[in-house]
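Work through the following exercises with the coordinates open, and try each task before reading its solution.

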Amino acid sequence: MESAVYGFGSNSFWQLGNGTTQDAHSISESIILNPGHHTYQYDSVKTVACGANHSLLLTQNGILYGAGSNSYGQGCLSESFKRLALSDDAVFETIACGWNNSFAIDSSGAIWAFGTNSHGQLGRDQRSGSEARVVQLDNQTRPVKIALGQRHSLVLFEDGQVWGWGETKMGALGSAQGKSIALPSRLVLRDGTESFKDIAAGQYHSVVVTKQKSVVTLGSRKRNRFGQLGYSEPEGDHSTEPASDSIEHDVQLPTSHCSIVPTYVFSGWSHCAVVFNNGDCVMWGRADLGQIPCKIDPVPAFLPPVLVPALRKCKELCLGSESGMANLSDGRVCCWGWNEHGNCGNGSASRVFNGLGDTVSKSVAVVGTENRKVETIACGFGHGFVVMRVEVDLVTGTRSRGNV
């Protein structure tokens, strides 16, 4: 199997890897890897990750590629995807991008971090360089997920521990003291909870699912202007309070879902989502740019936790800075929300409002064929990707074509 990778949205630093710096408002088969990298030929893409102006691509055999800006050492300054040689022998399994930094987990469980370290978000002294190094952690189990905010980082391990580092003054790392911590610190909630099922990072907040089946947000009351911490409404004007006024909030989910087990959490800059074990999706937070795909008129500035029927049993979900993207069960990929750079892939730069039911025909609709299926999706700060599995005739080299 080979992969076709479609990119759209912001592209001023070549982050789509298509050889131009023009934003792509419509979906296009954008990635062309250098012919010299023979290991990519007929090797399918495992996942893609999006930063502010850079992208990472990981193949099934563990080879890491980068494209876009490298102004902070977060990848490689390249108009097309080029291999990143972080190590001579490392085989990578998981990748993640922050605003201007990148992380990768290799097959040994080592966590590689590179890029900006202005607030200790690489997990090392802020005076150190931006080059790729392994994060030093006092945990002997394997890391399974990385979540990156603008200035903080979280890692979830197999044993349920979560370790974090970076900026702390906005409360994203819980009760950690000071403005930032450069060295990894274990996350323990104020009630003593120290074991978790999933993690997500917003711009200045974090979201976790505890082993006790609660969804908890960590952040600052001052920054909760859009209810991203899960309040039914922001609790008054806290603009005069110190930004260090951190809180941990047990999100009050809809009554209908109090007895349903939350499984995964997601976060954009100021909007969040939780997916339950029955496939339902609940979202909350900022909504004025269409970040939450519910049919509400007029569009509110923010929403408390609400059920989003259009996302029920979607196969994959990801949230960008002010947008969202879903791989639906019927094979379509749909986007919604802020669309200034065409990052909803619908051929325009207009916001996509009012729920997927009204916008499927106007947003990205990638329809698979018998020989071409949606494999995975990636949604970033202003651009996104759709990866499709493609059957290749190894004799003629012919690739099947799908409808986009």
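The exercises go from the chain as a whole to individual charged pairs.

The model is predicted, so local features need pLDDT of at least 70 and side-chain atom pairs count only at pLDDT 80 or more, whereas totals for chains, interfaces and linings use all residues. Residues are numbered from 1 along each chain as its sequence is written, and side-chain values use heavy atoms, with hydrogens and water left out.

**Exercise 1. Describe the chain as a whole.**

Step 1: Assign the secondary structure from DSSP runs, where helices are H or I with at least four residues and strands are E with at least two, numbered from the N terminus; the chain then has one helix and 27 strands.

Step 2: Classify the residues by relative accessible area, taking buried as under 20%, exposed as over 50% and partly exposed as in between, with a 1.4 Å probe and protein chains only; of the 404 residues, 59% are buried.

Step 3: List the contacts (heavy atoms within 4.5 Å); among those in the chain with a separation of 6 or more, 53% come from residues 24 or more positions apart.

**Exercise 2. Find the salt bridges, and determine which parts of the chain Lys145 and Asp198 tie together.**

Step 1: Apply the criterion, a side-chain nitrogen of Lys or Arg within 4 Å of a carboxyl oxygen of Asp or Glu; the search of the whole structure returns eleven salt bridges.

Step 2: Inspect Lys145 and Asp198, which form a salt bridge whose closest N and O atoms are 3.0 Å apart. Lys145 lies in strand S11 (residues 143-148) and Asp198 in strand S15 (residues 196-201), so the pair ties together parts that are 53 residues apart in sequence.

Step 3: Compare the surroundings of the partners: Lys145 is partly exposed at a relative accessible area of 24%, while Asp198 is buried at 4%.

**Exercise 3. Characterise the salt bridge between Arg151 and Glu167.**

Step 1: Take the distance, which is 3.1 Å between the closest N and O atoms of Arg151 and Glu167.

Step 2: Locate the partners: Arg151 is in the loop between S11 and strand S12 (152-157), Glu167 is in strand S13 (residues 162-167), and the pair links distant parts of the chain, 16 residues apart.

Step 3: Read off the accessibility, which makes Arg151 partly exposed at 25% and Glu167 buried at 4%.

**Exercise 4. Which residues are joined with Arg286 into one network by salt bridges that share partners?**

Step 1: Start from the salt bridge between Asp288 and Arg286, whose closest N and O atoms are 2.6 Å apart.

Step 2: Follow the shared partners, which join Arg286, Asp288 and Glu322 into one network.
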